[in-house]
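Trainee: Could you take me through one part of this model closely? I would like to look at the enclosed space inside it, and then at what surrounds that space.

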Amino acid sequence: MVAAFASALSARDPALAGHAARVTDLTARLAAWLEWDDASLYAVYVGGPLHDIGKVAVSEAILRKPGPLDEDELAEIRTHPTAGAQLIGRLGPAGEALPFVLYHHERWDGRGYPSGLHGPEIPEGARILAVADAFDAMTSTRPYRRALPVDRALSEIERCAGTQFDPETAQAFLEAWDAGALEPPTAWTTLRASRAFA
């Protein structure tokens, strides 16, 4: 089921499939760094690939627009967490994905969307995915801008700790990055992933 939803998103915008895979990997690595148990890690492997599934309800012209979005376009793109939650909300096994799908654009300072949650009101999984999502977005080329260098993206995560991001999660991401724990897949993480889907 997760694969079917991810496939639908990929058909809509192939770049989103790569983004979803990278964000899932980074989120899972950070969760492992934070010593999450296997059940919690399983939720990452369900929710990570689906976090942007609501973008299937967003106009393709907006998703691929080469310049900045206007206010109406921003309003439409900001519907994707709620649209995604509505898509998967009634499917039992995908229920674990809900916090990742619905809350990954909430901000620690309460200025995020769709619910304006503040600080620890935001589910922990969504807080971790938010950092991974932002890092991948910054370091990937988008229709409206080129990728940022990794060191600049890391500086942005540090700068936005306590406003956009949970400060402890942002610090953990930076420490895990410096320790090499967020590098490409290894046999250990592949094994953890396969166990999660077993």
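Mentor: Start with the largest cavity, which holds about 50 Å³ of space. The model is a predicted one. The count comes to 2 cavities of 30 Å³ or more. Rolling a probe the size of a water molecule over the atoms shows where empty space is left.

Now the lining. Glu106, Arg107 and Trp108 line the largest cavity, together with Ile122, Ala126, Arg127 and Ala130. Gln164, Phe165 and Asp166 complete the lining. By class, the lining divides into 5 nonpolar, 1 polar and 4 charged residues.

Take Phe165 next. Leaving aside neighbours within four places in sequence, Phe165 is in contact with Trp108 and Ala130. Both of these also line the largest cavity. The other contacts of Phe165 are Val131, Ala134, Ile157, Cys160 and Ala170.

Phe165 also leads into the largest nonpolar core. That core has 30 residues. Phe165 is among the members that touch the most others, along with Leu30, Phe135, Ile157 and Phe173. Five elements give two or more residues each: helix 2 (14–33), helix 3 (38–47), helix 8 (124–138), helix 9 (150–159) and helix 10 (167–178). Helix 8 gives the most, with 7 residues. A second, separate core has 7 residues, including Val46, Ile53, Ala94 and Val101.

Follow helix 3 from its start. There, a side-chain oxygen of Asp37 reaches to within 3.3 Å of the backbone nitrogen of Ala39. Further along helix 3, Leu41, Ala43, Val44, Tyr45, Val46 and Gly47 are buried. Val46 is one of the members of the second core.

Beyond helix 3, look at Asp52, in the loop between helix 3 and helix 4 (60–63). Asp52 counts as buried because its relative accessible area is 3%, and the cut-off is under 20%. Its side chain makes a polar contact of 3.2 Å with the side chain of His51.

Two backbone details remain. Most residues other than glycine have a negative phi, and most peptide bonds are trans. Glu35 has a positive phi, near 65°. Glu35 sits in the loop between helix 2 and helix 3. Its relative accessibility is 71%, so Glu35 counts as exposed. Tyr113 and Pro114 are joined by a cis peptide bond, with omega about 10°. Pro114 lies in the loop between helix 7 (98–103) and helix 8.

Methods:
Residues numbered from 1 in each chain as written. Predicted model: local features only at pLDDT ≥ 70, side-chain atom pairs only at ≥ 80, totals over all residues. Heavy atoms only, no water. Core = buried A, V, L, I, M, F, W, Y, C linked by side-chain atoms within 4.5 Å. Buried < 20%, exposed > 50% of the residue type's maximum accessible area, 1.4 Å probe, protein only. Helix = DSSP H or I, 4+ residues; strand = E, 2+ residues; numbered from the N terminus. Contact = heavy atoms within 4.5 Å. 1 Å grid on protein atoms, 1.4 Å probe; cavity = no way out; pocket = protein on both sides within 12 Å on 5 of 7 lines; lining within 4 Å. Points joined across faces, edges and corners; volume = space filled by probe spheres on them. Nonpolar A, V, L, I, M, F, W, Y, C, P; charged D, E, K, R; others polar. Polar contact = N/O pair within 3.5 Å; in protein donor to acceptor, adjacent residues only side chain to side chain.
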